[in-house]
Amino acid sequence: MSILEMRGITKEFPGVKALDNVNFKVSKGEIHALCGENGAGKSTLMKVLSGVYPHGTYDGKILINGKEQSFQTIRDSENAGVTIIYQELALVKDMTIAENIFLGNEPKSKGLLDWDTMFKEANVWLKKVGLSIDSSEKVSNLGIGQQQLIEIAKALSKKCDIIIMDEPTAALAEGEVDILMGILNQLRREGITVIYISHKLKEVMKISDQVTVLRDGQTIGTRQTKETDENGIISMMVGRELKDLFPYQDNRTNDVILELRNYSFFKQKRIPITKNISLKLHKGEVLGIGGLMGAGRTELATSLFGGYEGKGDGSVLIDGKSYEVKGPKEAIDRGLAYVSEDRKRYGLVLGMDVAQNTTLASLGKISSLSFINQEQETVETEKFNAKMRVKTPSIETKVMTLSGGNQQKVVLSKWLMSGPKILILDEPTRGIDVGAKQEIYKLINELTEQGVGIIMISSELPELLGMSDRVLVMADKKVMGELSKEEANQEAILKLATGGEEHEKPH
Amino acid sequence: MKNRISFKMDVRAYTLIIALLLIFVVFTILTNGDFISSRNIANLSRQMTVIGILAVGMTLIIVAGHIDLSVGSLLGLTGGIAAILQVWYGWSTLPVIIVTVLAGVVLGLWQGWWVAYKGVPAFIVTLGGMMIFRGILLGISGGQTVAPMSESFRVIGQSYIPYLIGYILTAVFIVFAFLMVGRKRKRRQKLDLALKPASLDYGTMVVVAVLITLFVYMLNRYQGIPVPLLILLVIAGIFVFISKNTTFGRHIYAIGGNQEAAKLSGINIKRNVLSVFVIMGALSAIAGIVLTSRLNAGTVGAGQMYELDAIAAVVIGGTSLMGGVGTIVGSILGALIMASIDNGMSMMNVAPFWQYIVKGLILILAVWLDISSKKKNAL
Ligand SMILES: Nc1ncnc2c1ncn2[C@@H]1O[C@H](COP(=O)(O)OP(=O)(O)OP(=O)(O)O)[C@@H](O)[C@H]1O
Ligand SMILES: [Mg+2]
């Protein structure tokens with residue numbers, strides 16, 4: 001019998017019908033994957049289930065163990081045994097790991113916080129998710145992947161029957177994904193039910209028992225994982241066959257567009273965040289950068305783009321002319337663009353609308369004498385929305401309300417609009433559905449055809465291998481080695497990434 | 001479906017106007033109609049100008065994610081400088097105005113530099129400024145009231161626009177506003193953007209036009225449109241335009257909304273924040289000039305607590321203290337609401353302590369309404 005059943009769920013937002021009569025059934029103790037394109041309504045369905053949207057703001061019924069539920073708050077759903085890990089991390093950055101894990105459930109003795117117990121128990125949960133950090137560490141000192149694992153530890157500590165994970169692996173590196181898979185298997189053995197949302201179909205195939213697919217707010221169907229394959233899920237998701245996920249094209253030329261010679265960067269003048277990096281990027285080339293979390297890839301990109309205060313060392317040449325790291329403005333003027341890995345923090349102004357976000361880095365292009373030409377703004381935004389297939393009710397919709405994948409597309413639009421010569425993509429397809437992924441890869445081809453040089457930082461090895469002309473592997477803020485298209489494979493990359501210095505603990 | 005979206009966005013403005021009308025009706029009844037007498041309307045609009053001007057600048061400051069606690073002292077000091085230059089040194093009006101506004105700009109630069117380039121929180125810098133500027137005022141004036149101002153200086157805060165010119169300005173404004181609405185509709189239609197029904201757009205305009213005409217008629221029945229009100233309207237108009245249509249305005253909203261994303265989009269945070277404080281300084285000086293002119297004197301206590309009124313007006317007008325969200329029109333309405341409460345309660349001879357209590361309660365109520373309506377919309 002099913003532990004959870006959602007019947008005829010319909011949820012409307014102003015201007016959008018996010019869920020349209022969705023039916024969803026989950027059996028006890030299974031890992032049930034929920035798939036669908038960006039904006040299909042996965043997160044919304046789970047928010048309905050977990051009481052984020054209280055009973056009465058949607059139509060339809062939620063049954064848990066056959067009993068009808070009417071959650072008013074998240075607390076209610078937790079009491080009924082449902083815990084959710086959101087797609088967007090929801091940790092308090094300035095608190096310790098332990099405080100975050102027990103936020104709202106703090107262990108107390110005689111009415112006062114019992115810190116010792118808290119740290120001790122938190123450490124146990126940390127071990128369980130494979131983290132060897134002390135729980136008195138502040139969350140702000142952790143990378144995104146580690147934060148994601150903390151979220152999972154937090155959910156586990158709540159002792160529930162149903163755990164919802166909304167894209168838990170989007171920010172995880174390969175090794176961390178393995179840890180998570182281990183945790184999921186463990187949960188299955190313990191009879192805990194998991195609802196698993198992911199765009200990574202390989203994982204879905206590997207771990208899940210059943211798959212339900214949503215499209216445009218409607219249930220397309222549920223399949224036994226054993227009885228289907230990746231292509232089967234994809235065609236349910238997008239309504240057509242999708243061939244050739246990595247449409248690699250060789251557009252390399254011999255003109256060097258960016259060259260780094262012994263480039264180091266020091267934050268606050270002292271702390272090195274990149275060490276002695278030398279690399280060359282050619283026009284029309286995709287240079288992949290692989291490595292483990294904390295290898296210094298993002299730091300290299302951010303520092304080149306002028307995102308840090310500090311001092312550079314060595315030399316950087318753009319188009320053969322020297323380039324001094326000053327700030328993002330200068331970087332943009334020299335033709336650099338940087339799509340950061342953390343779109344909410346570094347990519348978007350959530351309270352602004354789609355148009356305003358799209359044009360934010362190129363206001364100069366749509367204004368004269370600093371007066372914005374709204375007409376041009378609209379036209380340009382529409383152009384990029386169409387190109388990127390951003391799913392939004394209108395260009396005047398706040399990006400806050402877009403689904404995660406569509407937000408990512410808006411960030412890409414923003415940087416395409418700036419017309420870069422060198423595009424740095426940091427985890428460009430994080431949280432993006434397969435269809436959109438392929439569109440982004442096609443876009444990469446289109447850009448390299450026009451001679452744009454692309455640096456692609458990615459923790460997804462298939463993507464790195466599938467789209468790069470060359471792969472650099474970084475570890476401990478240094479370049480460990482370079483692999484040509486022919487040499488590059490999973491083992492070679494991992495060997496370089498873990499070789500050299502043993503285990504570099506991310507700060 | 002598209003229509004519903006854009007309608008929602010205006011709800012807040014309508015709420016403010018409805019609240020304002022309600023306040024007007026209540027006071028009119030309680031004062032047996034005296035509240036909407038021509039004379040009182042003129043008074044009221046004069047009273048709101050100083051806070052209104054401050055609220056315009058404060059909106060930008062708060063939208064950028066900062067706060068300015070010094071505007072009351074800044075206004076007092078610049079107003080004092082104006083009075084001293086004219087009364088003690090015999091300067092004529094125009095140079096006094098120019099130098100006073102420049103003084104405001106310099107003081108704004110000082111504060112903006114600390115906030116933007118030295119990274120000291122605006123709360124601290126302007127709290128310091130609040131004391132420093134008041135101290136300087138006390139020092140240079142020796143604690144005396146500096147009076148009287150020249151005839152030409154008094155024009156700024158005390159005089160009225162002749163009837164005929166008042167009506168002409170009104171007519172020009174209304175025609176202009178209709179043309180703008182038409183233009184905007186045409187543009188949105190062309191771009192296939194959400195469009196309110198024509199009847200709603202033009203209907204609103206007709207109501208606004210009638211209200212404005214009525215308002216001007218009332219003012220003209222007394223002595224005409226007060227010059228300070230006109231100053232406020234011009235300033236507000238300029239900054240509404242700047243905030244909506246210039247890159248500077250866009251940058252301010254982006255910085256307040258997400259400073260890190262703004263920075264990585266190539267926006268110069270420091271320079272923009274500095275500019276906002278400079279603008280605030282200049283507007284405080286203008287407000288100081290208006291106040292000194294109206295009081296016909298520079299006094300040591302001028303502008304005390306005005307910063308709080310200005311912040312309250314901005315917040316009532318829907319600007320979020322978190323930054324990134326807010327409109328100047330809202331702030332002006334907020335200032336009008338605050339001034340109406342002051343004015344109405346004084347007319348009823350309510351003891352001043354009640355005025356504080358009521359204003360405080362209104363502030364809390366307004367923000368609560370705002371928050372709860374947002375919650376509802378989000379779900
Ligand atoms: N608070 C909101 N207000 C308005 N519209 C919303 C809101 N939340 C979600 N939507 C809309 O509902 C639809 C479904 O969004 P949802 O976040 O559930 O998608 P998703 O399947 O999780 O996509 P992704 O894979 O990109 O995370 C989208 O069109 C989105 O724009
Ligand atoms: Mg989602």
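**A cavity and a sheet in chain A**

Hi everyone, let's start with the lining of the largest cavity: A:Ala173, A:Glu174, A:Gly290, A:Gly291, A:Leu292, A:Ser458, A:Ser459, A:Leu461, A:Ile493, A:Leu494 and A:Ala497. Please keep in mind that this is a predicted model.

How much space lies in that largest cavity? About 90 Å³. The structure holds 7 cavities of 30 Å³ or more. Sorted by class, the lining of the largest one has 6 nonpolar, 4 polar and 1 charged residues. And which element gives the largest share of that lining? That is α17(A), with 3 residues. Both β15 (286–291) and α17 (490–498) of chain A supply at least two lining residues each.

Now, over to the record. UniProt, in an unreviewed entry, lists "domain: ABC transporter" for residues 4–241 and 258–501 of chain A. In the model, residues 4–241 are 33% helix and 29% strand, and the C-alpha atoms at the two ends of that span lie 31 Å apart.

Next, a sheet for you to trace on the screen. This one is open, has 6 strands with mixed pairing, and follows the order β6-β9-β10-β3-β11-β12 in chain A. At its edges sit β6 (82–85) and β12 (218–224), each pairing on one side only. On average, neighbouring strands are turned by 20° against each other, direction ignored.

Let's zoom in on one pair. Strands β9 (residues 162–166) and β10 (residues 193–197) of chain A run parallel and are joined by 5 bridges. There, A:Ile162 stands opposite A:Thr193. Packing on the sheet is helix α5 (residues 144–156) of chain A, which touches β6 and β9. The direction of α5 makes about 175° with that of β6(A).

Thanks for listening!

Terms used:
Residues are numbered from 1 along each chain as its sequence is written. Chains are lettered from A and ligands numbered from 1 in the order in which they are written. This is a predicted model: local features need pLDDT of at least 70, side-chain atom pairs count only at pLDDT 80 or more; totals for chains, interfaces and linings use all residues. Side-chain values use heavy atoms; hydrogens and water are left out. UniProt positions are given in the numbering used here, feature names are shortened, and annotations may be inferred rather than shown by experiment. Helices (H or I, at least four residues) and strands (E, at least two) are DSSP runs, numbered from the N terminus. Two strands pair if DSSP finds at least two bridges between them. Axes are lines fitted to C-alpha atoms, for helices over the stretch in contact, and angles run from 0 to 180 degrees between N-to-C directions. Contact means heavy atoms within 4.5 Å. On a 1 Å grid over the protein atoms alone, a cavity is a set of points where a 1.4 Å probe fits but cannot get out, and a pocket is an open set with protein on both sides within 12 Å along at least five of seven lines; lining residues have an atom within 4 Å of a point. Grid points are joined across faces, edges and corners, and a volume is the space filled by probe spheres set on the points. Ala, Val, Leu, Ile, Met, Phe, Trp, Tyr, Cys and Pro count as nonpolar, Asp, Glu, Lys and Arg as charged, and the others, Gly among them, as polar.
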